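User: Please take a close look at how the strands are arranged in this structure, and work outwards from there to the parts that bear on them. A connected account would be preferred to a list.

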Amino acid sequence: MYWDYDREEKKKNILFLAVNDAHGSEFGSMLGGDPPYALRQLCEKCRSDLVLLCCSAKLKQQFEDEAAREWMKKVYLDKYFSCALDVAEQKEEKIREYLDGLSYEEYAIIDREELEPVFPGHTVYFTELFNDSAVKKAERILRYGSYAKKLHRYEPRGSMGDFIEDHISKAIFLDIDGVLNDDGERRDKGEIICPEYVENLAGIVKETGAEIVLSSSWRYGMIHEDPGKNDANIQALLDEFGKYHLRITGMTPLYFNGPDGRPYEVRTWLAFRPNLESFVILDDETFWQWNWLSDRVVNTARKPANADKVRWWDYVKGLDREFARQAVEILNR
């Protein structure tokens, strides 16, 4: 569950963990399902101070009394525990206030509330109990930093970029136009992103645990060197992603266009990640020369029914449920 990579760290990290008493009054239960071992390992390997985000003043007091201190010692969390914050109101402001008063390297927030729009790249959303997935995502942030902070340093040509994607086990290489929209009439009418296609993408992620690597030309709108025309479109994309707690984990490098362009970018990304278990490529174009990657491609363009002769612009495009099913099958091979 934990990575062996060790980096030199000059400052400590901060791990914020939301706690409540919905699952019982035992300290382990309030932390999200009795996870002291996983939590201790996370704090130890990432050199993180633990800050508890309490849903009430009463809960904050519980974690500051003698019984809580004794429990912390028993499960070896005492040397990592920093404090408990009452965040029943003004949670975002109190987190910011806490961060403003410290010198730290990175921070991660594990919470049942979606805080990604406020703390982009630093949040881990989990709906039920504290689990391995939450630990892994928090560890990635604390060890390697926020992807949002690195976007502005992403080189436009020839760079692998600064995303830490090495430990992704399953990847979805995502095109946007023709996959998450119809690249046709609906888009021309202003529907930049089609909600049902994003919902289908969320279904793939949920069923496979795969992470999203952007391969679309929309990458140009997400880098500092080319912040131009796609910015509003990207915000529309992120807004839809937010509804399903989807995040872009990384991007393929930016090289060149032409029939070999995107396949070369995907192969370059893959070459540096030999431990990747599985991947799928979602794309609507037919002119890419995928070669050995072909059996990993789900082409989201479909000929209209009962049409013998069609032009390329007549194709029906978008990640429908059938294409999503195909993607799940490929990822789970």
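Analyst: Two strands are taken to pair if DSSP finds at least two bridges between them. The model is a predicted one, and the description below should be read in that light.

On this criterion, 5 strands form an open sheet in the order β3-β2-β1-β4-β5, with parallel pairing. Its edges are β3 (81-86) and β5 (123-125), each of which pairs on one side only. On average, neighbouring strands of this sheet are turned by 20° against each other, direction ignored. Strands of a sheet pair through backbone hydrogen bonds, in either the parallel or the antiparallel sense.

Within this sheet, strand β1 (residues 13-19) and strand β2 (residues 48-54) run parallel and are joined by 7 bridges. One of the residues involved is V19, whose bridge partner in β2 is C54.

The mention of C54 raises the matter of the cysteines. How many disulfides does a search of the whole structure find? The search returns 0. C43 takes part in no disulfide, and the nearest cysteine sulfur, belonging to C46, lies 8.1 Å away. The cut-off for a disulfide is 2.5 Å between the sulfur atoms, so a separation of 8.1 Å does not qualify. C43 counts as buried because its relative accessible area is 0%. C55 is likewise in no disulfide; its nearest cysteine sulfur is that of C54, at 7.2 Å. With a relative accessible area of 38%, C55 is therefore partly exposed.

Further along the chain comes helix α6 (residues 132-144), which has 13 residues. From its first C-alpha to its last it reaches 18 Å, close to the 18 Å expected at 1.5 Å a residue. The buried residues of α6 include A134, V135, A138, I141 and L142, and also the charged-type names E139, R140 and R143. An α-helix has 3.6 residues a turn, so residues three or four places apart point the same way. After α6 comes G145, whose phi is positive, near 95°.

A further open sheet is formed by 5 strands in the order β8-β7-β6-β9-β10, and its pairing is parallel. β8 (248-251) and β10 (297-299) are its edge strands, each pairing on one side only. Neighbouring strands here are turned by 25° against each other on average, direction ignored.

In this sheet, strand β6 (residues 170-174) runs parallel to strand β7 (residues 211-214), and 4 bridges join them. F173 has V213 as its bridge partner in β7. Helices lie against these strands. Helix α9 (residues 195-208) lies across β6, β7 and β9 (278-283), at about 165° to β6. Helix α11 (residues 261-271) packs on the sheet as well, touching β6, β7, β8 and β9, and its direction makes about 160° with that of β6.

A residue that ties several of these elements together is S216, which is found in the loop between β7 and α10 (231-243). S216 is buried because its relative accessible area is 1%, under the 20% limit. Its side chain reaches the backbone nitrogen of W218 at 3.0 Å. Beyond its neighbours within four places in sequence, S216 is in contact with L174, D175, I176 and R262. Of these, L174 lies in β6, which spans residues 170-174, and R262 lies in α11, which spans residues 261-271.

Methods:
Residues are numbered from 1 along each chain as its sequence is written. This is a predicted model: local features need pLDDT of at least 70, side-chain atom pairs count only at pLDDT 80 or more; totals for chains, interfaces and linings use all residues. Side-chain values use heavy atoms; hydrogens and water are left out. Helices (H or I, at least four residues) and strands (E, at least two) are DSSP runs, numbered from the N terminus. Axes are lines fitted to C-alpha atoms, for helices over the stretch in contact, and angles run from 0 to 180 degrees between N-to-C directions. Contact means heavy atoms within 4.5 Å. Buried means under 20% relative accessible area, exposed over 50%, partly exposed in between (1.4 Å probe, protein chains only). A polar contact is a pair of N or O atoms within 3.5 Å; within protein, one must be able to donate a hydrogen and the other to accept it, and residues adjacent in sequence count only if both atoms are side-chain atoms. The expected span of a helix is 1.5 Å times one less than its number of residues.
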